[in-house]
Amino acid sequence: MSRRFLFVLGSSRAEGNTELLARRAAEQLPGDVEQRWIRLAEHPLPDFTDLRHDSGHVRPPSDRTNGLLLDATLAATDIVIASPLYWYSVSGLTKRYLDHWSGWLRTPGLDFRAALTGRTLWGIAALAHDEPSVADPYVGTLNNSAAYMGMRFGGVLLGNGSAPGDVLKDTEALTRAKTFFAQDAPLARFPYEKAVG
């Protein structure tokens with residue numbers, strides 16, 4: 001299967017530092033790799049309603065935005081969550097997208113987990129802090145989501161930036177961006193699991 005990257009842009013601001021860093025990393029992908037970019041702020045999802053334990057409710061029909069994001073997610077071999085670090089985790093727009101994965105897991109006939117098993121989840125984030133460990137909750141959210149889905153996890157490319165364009169001054173992040181998608185992405189594991197082999 002040829003690689004198809006879906007870049008899920010989770011910032012409320014267009015062309016922010018996270019997106020700039022993501023585009024720098026994407027420039028390094030081979031020309032035959034398909035790229036699709038979706039800005040969540042332009043395709044807002046409705047609030048997610050958890051109906052797992054309420055048998056009296058019928059799951060609401062998929063709306064246009066939900067269908068667009070679901071189809072794009074299923075078509076991708078590589079899903080890149082490009083969300084700035086907001087309060088030490090992913091943005092609200094991004095969290096809502098991930099919440100909808102719960103609904104897609106339970107959509108009859110979809111087999112969402114099986115479709116994503118073996119595919120790769122990546123993260124890219126700008127943060128306004130010099131200490132990368134403050135992004136550990138962000139990394140944990142993506143790693144654990146990938147582990148639950150049986151996906152590979154390529155890690156998170158972090159860059160420093162607060163004011164518009166700041167990340168372009170982070171030479172270390174720009175250097176890492178050049179090889180970020182070239183690395184091998186291991187099967188994601190929860191922190192309590194020991195790596196085998």
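**Reading a predicted fold, feature by feature**

Author: Start with Thr 73, which lies in helix α2 (residues 64-75). Keep in mind that this is a predicted model.

Reader: Is Thr 73 buried or exposed?

Author: Read the relative accessible area. Buried means under 20%. Thr 73 has a relative accessible area of 0%, so this residue is buried.

Reader: Which residues is Thr 73 in contact with, leaving aside its neighbours within four places in sequence?

Author: The list includes Leu 6, Ile 79 and Tyr 97. Trp 101 and Trp 104 are also on it, as are Phe 112, Leu 116 and Arg 119. Leu 6 falls within strand β1 (residues 4-9). Trp 101 will return with helix α3.

Reader: Now the other end of the scale. Where is Asp 130, and is it buried or exposed?

Author: Asp 130 is in the loop between β4 (120-127) and α5. Exposed means over 50%. At 75% relative accessible area, Asp 130 is therefore exposed. Check its distance to Gly 161 too: the two are 31 residues apart in sequence, and 9.5 Å apart in space, C-alpha to C-alpha.

Reader: How do I read the whole chain? What pattern does it follow?

Author: Count elements, then order them. The chain has 6 helices and 5 strands. Along the sequence they run β-α-β-α-β-α-α-β-α-β-α. Of the 197 residues, 44% count as buried. Then look at contact range. Among contacts between residues at least 6 apart in sequence, 79% join residues at least 24 apart.

Reader: Take the opening β-α-β. How many bridges join β1 to β2?

Author: There are 6 bridges between strand β1 and strand β2 (residues 34-39), and the two strands run parallel. As one pair to find, Phe 7 has Trp 37 in β2 as its bridge partner.

Reader: What handedness does the unit of β1, α1 and β2 have?

Author: Follow the path from strand over helix to strand. With helix α1 (residues 17-26) in between, β1 and β2 make a right-handed β-α-β unit.

Reader: Last, helix packing. At what angle do the axes of α3 and α5 cross?

Author: Helix α3 (residues 92-105) and helix α5 (residues 136-149) have axes that cross at roughly 10 degrees and come within 12 Å. Angles under 35 degrees count as roughly parallel. So α3 is roughly parallel to α5.

Reader: Which residues meet there?

Author: From α3, Leu 98, Trp 101 and Leu 105. From α5, Thr 141, Leu 142, Tyr 148 and Met 149. By class, this contact has 6 nonpolar residues, 1 polar and no charged ones. Trp 101 also links back to our starting point: it is in contact with Thr 73.

How values were computed: Residues are numbered from 1 along each chain as its sequence is written. This is a predicted model: local features need pLDDT of at least 70, side-chain atom pairs count only at pLDDT 80 or more; totals for chains, interfaces and linings use all residues. Side-chain values use heavy atoms; hydrogens and water are left out. Axes are lines fitted to C-alpha atoms, for helices over the stretch in contact, and angles run from 0 to 180 degrees between N-to-C directions. Helices (H or I, at least four residues) and strands (E, at least two) are DSSP runs, numbered from the N terminus. Angles under 35 degrees count as roughly parallel, over 145 as roughly antiparallel, 65 to 115 as roughly perpendicular and the rest as oblique. Contact means heavy atoms within 4.5 Å. Ala, Val, Leu, Ile, Met, Phe, Trp, Tyr, Cys and Pro count as nonpolar, Asp, Glu, Lys and Arg as charged, and the others, Gly among them, as polar. Buried means under 20% relative accessible area, exposed over 50%, partly exposed in between (1.4 Å probe, protein chains only). Two strands pair if DSSP finds at least two bridges between them. A crossover is right-handed if, with the strands pointing away from the viewer, the path from the first strand over the helix to the second runs clockwise.
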